[in-house]
Amino acid sequence: MTSLFNDNDLWGPLDPSADAGYGEDRPARKGFFTDTSICIGCKACEVACKEWNDVPADHFDMTATSYDNSHSLNANQWRHVAFVERPAGPAPVDLGMPGVAPTDAVSAGSTAGGAGSTAGGLLDNGADAAPDFRWLMSSDVCKHCTHAACLDVCPTGSLFRSEFGTVVVQDDICNGCGYCVPACPYGVISRREGPDGSRNVGIAQKCTLCYDRLDAGKTPACAQACPTQSIQFGDVEELRERADARVAQLHEAGVMDARLYGNDPDDGVGGAGAFFLLLDEPEVYGMPPDPVVTTKDLPQMFRRATTAAVVMFAGAALSFLGRRP
Ligand code: SF4
Ligand code: SF4
Ligand code: SF4
């Protein structure tokens with residue numbers, strides 16, 4: 001039976017911009033490698049994103065569960081830096097980040113209260129004052145999935161695949177139906193609800209990977225603002241190699257918890273355009289452990305629905321044929 005879909009349309013490794021019809025002269029796929037091991041939680045990325053994209057600054061208050069004050073990704077928060085407090089891990093490793101502790105304290109391994117929680121080093125008063133917790137910080141963003149369910153379900157074409165392989169919302173085409181919101185396996189996209197007077201209220205909003213800046217040959221605002229290069233922007237293939245090398249370097253340094261998230265083209269979304277180096281399980285950072293594109297089973301559902309319809313009509317036809325005149 002022929003299908004509305006090719007086998008690989010909704011699942012598996014793919015060059016998304018080629019699949020969307022861009023020609024041989026298309027640019028290389030662009031994305032982010034976010035190395036959370038060197039994030040210091042300054043939130044410059046959040047601010048730069050809001051400023052460049054004119055995203056309203058509202059709903060800032062302390063969560064009461066951490067030092068985070070911006071809660072989560074949402075229509076008014078296209079970047080979100082999570083602050084996660086965890087018990088101190090094994091003997092910390094100096095990741096080469098700046099701190100204010102005396103040199104001997106740093107070499108004694110008290111920079112961060114645990115591998116990778118760099119900002120903890122700023123609190124150190126010496127080896128004896130090593131905190132019993134560590135901070136994990138991670139700047140989250142839209143994953144610009146290879147197979148993007150938000151885009152698959154959008155009935156207006158407001159969400160589209162750019163020539164850079166990214167997923168972009170066109171504000172003036174979105175009708176606010178909200179189908180994309182439950183379709184995203186990461187909970188990234190949502191409709192703007194306010195504040196009063198802000199633009200695009202009712203419209204689906206998320207990171208565009210600074211499509212306007214990419215079009216002008218510029219680096220996205222968040223990556224440009226990041227002082228530690230925790231957010232690295234570039235060609236996805238090259239970023240994947242860089243990420244593999246960084247994990248190997250951290251493992252060699254004894255940070256055995258370092259792992260990549262979203263970099264595998266064989267994962268549930270065909271690999272993310274924005275992927276991460278984490279220092280703990282994804283759930284610790286509020287990320288789903290094994291996300292799967294929610295439209296993956298559409299071809300199978302269509303096939304089954306078509307089969308059911310054919311059987312039903314055949315049964316009805318047979319019942320009429322079998323009737324006596
Ligand atoms: S993370 Fe969600 S909003 Fe972003 S491209 Fe993937 S499905 Fe769409
Ligand atoms: S790429 Fe642009 S839109 Fe996306 S989070 Fe960074 S600054 Fe915001
Ligand atoms: S700007 Fe860089 S270091 Fe600062 S919070 Fe964002 S990712 Fe972390």
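A residue is called buried here if 20 or more other C-beta atoms lie within 10 Å of its own, and exposed if 12 or fewer do, with partly exposed residues in between. By this criterion, helix H2 buries Ala44, Cys45, Glu46, Ala48 and Cys49. The structure is a predicted model, and the account below moves from the overall fold to the core, the ligand shells, helix H8 and some backbone details.

**Overall organisation**

The protein chain contains 9 helices and 10 strands. Of its 325 residues, 41% are buried. Among contacts with a separation of 6 or more, 62% join residues 24 or more positions apart.

**Helix H2 and the nonpolar core**

The buried residues of H2 pack against strand S2, strand S3 (133-140), helix H7 and strand S8 (231-235). One of these buried residues, Cys45, is also listed with Cys150 and Cys222 as having the most contacts inside the largest nonpolar core, a set of 65 residues. Strand S10 gives the most to this core, with 5 residues. Leaving aside residues up to four places away in sequence, Cys45 touches Arg79, Val81, Ser139, Cys222, Ala225, Cys226 and Ile231. Just after H2, Asp54 adopts a positive phi of about 55°.

**Ligand shells**

Three ligands are considered, and the composition of their shells is set out below.

| Ligand | Nonpolar residues | Polar residues | Charged residues |
|---|---|---|---|
| Ligand 1 | 10 nonpolar | 1 polar | 2 charged |
| Ligand 2 | 11 nonpolar | 2 polar | 1 charged |
| Ligand 3 | 11 nonpolar | 4 polar | 1 charged |

Ligand 1 is surrounded by 13 residues, of which Cys142, Cys145, Ala148, Cys150 and Cys184 are the closest. Cys150 is thus named both in this group and among the residues with the most contacts inside the largest nonpolar core.

Around ligand 2 there are 14 residues, and those that come nearest are Cys49, Cys207, Cys210, Pro220 and Cys222. Helix H2 (44-53) and helix H7 (221-225) each supply at least two residues to this shell. The largest share, 4 residues, comes from H2. Cys49, named among the nearest residues of ligand 2, belongs to the buried set of H2.

For ligand 3 the shell comprises 16 residues, the closest being Cys39, Cys42, Cys45, Ser139 and Cys226. The elements giving two or more residues to this shell are H2 and S3. Within this closest group, Cys45, Ser139 and Cys226 are named; Ser139 and Cys226 are also among the residues that Cys45 touches. Helix H2 therefore recurs in the description of two shells, since H2 and H7 each supply at least two residues around ligand 2, and H2 and S3 each give two or more around ligand 3.

**Helix H8**

Helix H8 (residues 236-252) has 17 residues, which at 1.5 Å a residue should span 24 Å; its end C-alpha atoms are 24 Å apart, in agreement with that expectation. Val236, Leu239, Ala243 and Leu250 are buried in H8. Viewed down the helix axis, these buried residues fall within an arc of 50°, so they line one face of H8. An α-helix has 3.6 residues a turn, so residues three or four places apart point the same way. On the other side of H8, the exposed residues are Glu237, Glu241, Ala245, Ala248 and Glu252. The buried residues of H8 pack against strand S1 (30-35), S8, strand S9 (259-261) and strand S10 (274-278). Strand S8 also appears among the partners of the buried residues of H2. Just after H8, Gly254 takes a positive phi of about 100°.

**Backbone details in the loops**

The peptide bond from Gly194 to Pro195 is cis, with omega near 0°. Pro195 lies in the loop between strand S6 (190-191) and strand S7 (204-205).

Two further loop residues, neither of them glycine, have positive phi values. His71, with phi near 70°, is located in the loop between H2 and strand S2 (80-87). Because His71 has 14 C-beta neighbours inside 10 Å, it counts as partly exposed. Leu209 has a positive phi of about 50° and sits in the loop between S7 and helix H6 (211-215). Leu209 has 26 C-beta neighbours inside 10 Å and therefore counts as buried.

Notes. Residues are numbered from 1 along each chain as its sequence is written. Chains are lettered from A and ligands numbered from 1 in the order in which they are written. This is a predicted model: local features need pLDDT of at least 70, side-chain atom pairs count only at pLDDT 80 or more; totals for chains, interfaces and linings use all residues. A residue is near a molecule or strand if its C-beta atom, placed from the backbone, lies within 6 Å of it. Ala, Val, Leu, Ile, Met, Phe, Trp, Tyr, Cys and Pro count as nonpolar, Asp, Glu, Lys and Arg as charged, and the others, Gly among them, as polar. Two residues are in contact if their C-beta atoms, placed from the backbone, lie within 7 Å. The expected span of a helix is 1.5 Å times one less than its number of residues. The arc is that of the directions from the helix axis to the C-beta atoms. A nonpolar core is a set of buried Ala, Val, Leu, Ile, Met, Phe, Trp, Tyr and Cys residues joined through C-beta atoms within 7 Å.
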